[in-house]
Amino acid sequence: MCNLYTLDQTLNEWAENFHKFLDTELVMEAGDATLANQPWAKEVYPKYQGLFARPVDPADPGAGLEPAVGRWGVVPFTHKGPAKAWKFPTNNCRSEEMHAKPSFRDALKSKRCIIPVTNFSEWTG
């Protein structure tokens with residue numbers, strides 16, 4: 001099974017849609033050291049760098065969201081070592097089982113983000 005999502009929008013268009021559809025502003029004051037200044041792929045497969053929105057301050061949900069770039073997939077808390085060393089594709093999970101699966105349980109409770117897409121497809125061959 002292979003997944004793919006695409007984002008055919010600029011960062012500014014994405015911010016406009018956040019305001020229009022979610023009634024929230026993206027904090028666009030990214031400095032040179034932030035993830036938002038890294039390149040991201042328009043077509044994102046598992047383990048590719050993709051654009052997402054995360055809380056500016058996880059302790060304060062009202063602080064807003066900021067754009068960031070990260071690798072698609074979940075690295076379980078049990079993995080020791082760098083995230084890039086994780087070799088298993090943990091990017092699929094059934095919603096009715098995710099609270100019980102050790103790989104997704106921690107992320108479900110405290111590490112959520114919004115992933116904007118213009119297209120998502122799952123190829124089953």
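## Exercises on a predicted model

A search of the whole structure, which is a predicted model, turns up two aromatic pairs. One of them opens the exercises below.

**Exercise 1.** Work out what kind of aromatic pair Trp-14 and Phe-18 form.

*Solution.* Start with what has to be computed: a pair of aromatic rings is described by the distance of the centres and the angle of the planes. For Trp-14 and Phe-18 the centres are 5.1 Å apart and the planes stand at 80 degrees. Centres within 6.5 Å make a pair, and planes over 60 degrees apart count as edge-to-face, so Trp-14 and Phe-18 are an edge-to-face pair. Next, place the two in the chain: Trp-14 and Phe-18 are about one helical turn from each other, because they sit four residues apart in helix 1. Lastly, check the surroundings: both Trp-14 and Phe-18 are buried.

**Exercise 2.** Find which residues make up the largest nonpolar core, and which element gives the most to it.

*Solution.* List the members to begin with. The core has nine residues: Trp-14, Ala-15 and Phe-18, then Leu-7, Leu-26, Leu-51, Ala-53, Leu-65 and Val-69. Now sort them by element: at least two residues of this core come from each of helix 1, strand 3 and strand 4. Helix 1 is the top contributor, with three residues. To explore one member further, take Leu-7: beyond residues up to four places away in sequence, Leu-7 touches Lys-42, Leu-51, Pro-116, Val-117 and Thr-118.

**Exercise 3.** Locate the salt bridge and describe how accessible each partner is.

*Solution.* A search of the whole structure gives one salt bridge. Its partners are Glu-66 and Arg-54, with 2.8 Å between the closest N and O atoms. Glu-66 belongs to strand 4 (residues 65-71) and Arg-54 to strand 3 (residues 49-55), so the pair links distant parts of the chain, 12 residues apart. For accessibility, Glu-66 has 18% and therefore counts as buried, whereas Arg-54, at 25%, is partly exposed.

**Exercise 4.** Decide whether Thr-6 and Phe-21 are buried or exposed.

*Solution.* Take Thr-6 in strand 1 (residues 2-6) to begin with. Its relative accessibility is 8%, so Thr-6 is buried. Leaving out neighbours within four places in sequence, Thr-6 is in contact with Lys-42, Glu-43, Val-117, Thr-118 and Asn-119. Now turn to Phe-21, in helix 1 (residues 11-22). Phe-21 reaches 58% and therefore counts as exposed. Together with Leu-22 and Ile-114, Phe-21 forms a nonpolar surface patch with about 300 Å² of accessible area.

Methods:
Residues are numbered from 1 along each chain as its sequence is written. This is a predicted model: local features need pLDDT of at least 70, side-chain atom pairs count only at pLDDT 80 or more; totals for chains, interfaces and linings use all residues. Side-chain values use heavy atoms; hydrogens and water are left out. Buried means under 20% relative accessible area, exposed over 50%, partly exposed in between (1.4 Å probe, protein chains only). Contact means heavy atoms within 4.5 Å. A salt bridge is a side-chain nitrogen of Lys or Arg within 4 Å of a carboxyl oxygen of Asp or Glu. Patches are made of residues with over 30% relative accessible area and no salt bridge: like charges are joined within 9 Å, nonpolar side chains (Val, Leu, Ile, Met, Phe, Trp, Tyr) within 5 Å. Accessible areas come from the Shrake-Rupley method with a 1.4 Å probe; for residues, only the protein chains shown count as cover. A nonpolar core is a set of buried Ala, Val, Leu, Ile, Met, Phe, Trp, Tyr and Cys residues joined through side-chain atoms within 4.5 Å. Rings of Phe, Tyr and Trp (its six-membered ring) pair if their centres lie within 6.5 Å; planes under 30 degrees apart count as stacked, over 60 as edge-to-face and the rest as tilted.
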